[in-house]
Amino acid sequence: MKQERSAAAPLKKGVPAVVATPCAACKLLRRRCSKDECAFAPYFPAEDPVKFATVHRVFGASNVNKMLQDLPAQHRGDAVSSLVYEANARVRDPVYGCVGAISALQQQIHVLQAQLALTQAEVLHLRSLSASQAAAALRKTGDVITSPTAAVHHPHGSALVPSSTSSLPASKLAASDTAKSSFLAADRSWW
């Protein structure tokens with residue numbers, strides 16, 4: 001009977017057998033993998049062979065190896081994740097790759113910015129309408145407003161505040177405060 005070799009038994013004199021499975025790169029390239037010397041082992045584990053296969057198909061193993069060797073060790077993980085993202089994008093869209101995704105996102109940003117500008121303009125329009133309605137209500141109660149710009153929107157609230165109290169007669173200040181409080185209550189209910 002033939003004796004079976006154990007996994008720990010040396011294949012040749014002085015060369016121990018490799019017990020661990022090779023990384024995904026070495027498995028695909030059909031070469032021996034030494035976890036200490038292999039440049040791909042920390043970034044392409046054996047459990048995820050598709051990751052290296054995609055990067056290899058797009059960039060080539062020798063190019064990836066050169067890129068990793070040129071980078072400092074602390075930046076290699078980020079470079080590998082970037083290479084994997086770009087390779088997957090290139091497989092999905094062979095013509096534009098990740099540039100197509102970036103372009104689509106930029107177009108989406110422009111559309112959303114235009115929508116935001118329209119919404120902000122509509123809010124300003126509605127605020128000016130409510131301000132003119134409040135000014136009309138103040139005029140009906142007999143308060144004196146010297147000009148349409150005398151009522152100013154306060155930046156920290158939604159109340160209309162006269163720009164100077166000198167334009168209002170002293171007898172009308174109490175009526176003005178009542179109109180302002182009713183305007184505040186109506187304005188807050190709208191929001």
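**Exercise 1. The loop residue R30**

Task: Locate R30 in this predicted model, state whether R30 is buried or exposed, and say what is unusual about its phi angle.

Solution.
Step 1. R30 lies in the loop between α1 and α2.
Step 2. The relative accessible area of R30 is 78%. The cut-off for exposed is over 50%, so R30 is exposed.
Step 3. The phi angle of R30 is near 55 degrees, which is a positive value in a residue other than glycine. Most residues other than glycine have a negative phi.

**Exercise 2. The overall fold**

Task: Describe the secondary structure of the protein and give the share of its residues that are buried.

Solution.
Step 1. The protein has six helices and two strands.
Step 2. Along the sequence, these elements follow the pattern α-α-α-α-α-β-β-α.
Step 3. Of the 191 residues, 23% are buried.
Step 4. The exposed surface of the protein is about 13800 Å², with 59% of it supplied by carbon and sulfur atoms.
Step 5. Take the contacts between residues at least 6 apart in sequence: 46% of them join residues at least 24 apart.

**Exercise 3. The largest nonpolar core**

Task: Find which residues of the largest nonpolar core touch the most other members, and which element gives the largest share of this core.

Solution.
Step 1. The core has 19 residues, and those touching the most other members are C23, C38, F40, F44 and F52.
Step 2. Two or more residues come from each of α1 (24-29), α2 (49-59), α3 (61-70) and α4.
Step 3. Helix α4 gives the largest share, four residues.
Step 4. Now look at C38. Leaving aside neighbours within four places in sequence, C38 is in contact with C23, C26 and C33.

**Exercise 4. A61 in helix α3**

Task: Decide whether A61 is buried or exposed, and list its contacts beyond four places in sequence.

Solution.
Step 1. A61 is part of helix α3.
Step 2. Its relative accessibility is 11%. Buried means under 20%, so A61 is buried.
Step 3. Once neighbours within four places in sequence are left aside, A61 is in contact with L29, F40, F52 and H56.
Step 4. A61 and L29 are 32 residues apart along the chain, and their C-alpha atoms are separated by 8.5 Å.

**Exercise 5. R76 and A89 in helix α4**

Task: Work out whether R76 has a salt bridge, then place A89 relative to V99.

Solution.
Step 1. R76 belongs to helix α4 (residues 73-92), and A89 is found in helix α4 too.
Step 2. R76 is buried and has no salt bridge; D70, the nearest side chain of opposite charge, is 8.0 Å away. A salt bridge needs a side-chain nitrogen of Lys or Arg within 4 Å of a carboxyl oxygen of Asp or Glu.
Step 3. Leaving aside neighbours within four places in sequence, the contacts of R76 are Y43, L68, Q69 and L71.
Step 4. A89 has a relative accessible area of 4% and is buried.
Step 5. With neighbours within four places in sequence set aside, A89 is in contact with G97 and C98.
Step 6. A89 and V99 are 10 residues apart along the chain, with 8.7 Å between their C-alpha atoms.

**Exercise 6. The nonpolar surface patch**

Task: Identify the residues of the nonpolar surface patch of about 340 Å² and give the location of Y96.

Solution.
Step 1. The patch is made by V95, Y96 and V99.
Step 2. Y96 sits in the loop between α4 and α5 (98-140).
Step 3. Y96 is exposed, at 52% relative accessible area.

Notes:
Residues numbered from 1 in each chain as written. Predicted model: local features only at pLDDT ≥ 70, side-chain atom pairs only at ≥ 80, totals over all residues. Heavy atoms only, no water. Buried < 20%, exposed > 50% of the residue type's maximum accessible area, 1.4 Å probe, protein only. Lys, Arg positive; Asp, Glu negative; His and termini not counted. Contact = heavy atoms within 4.5 Å. Patch = residues over 30% accessible without salt bridge, like charges linked within 9 Å, V, L, I, M, F, W, Y side chains within 5 Å. Areas by Shrake-Rupley, 256 points an atom, 1.4 Å probe, with all protein chains shown as cover. Core = buried A, V, L, I, M, F, W, Y, C linked by side-chain atoms within 4.5 Å.
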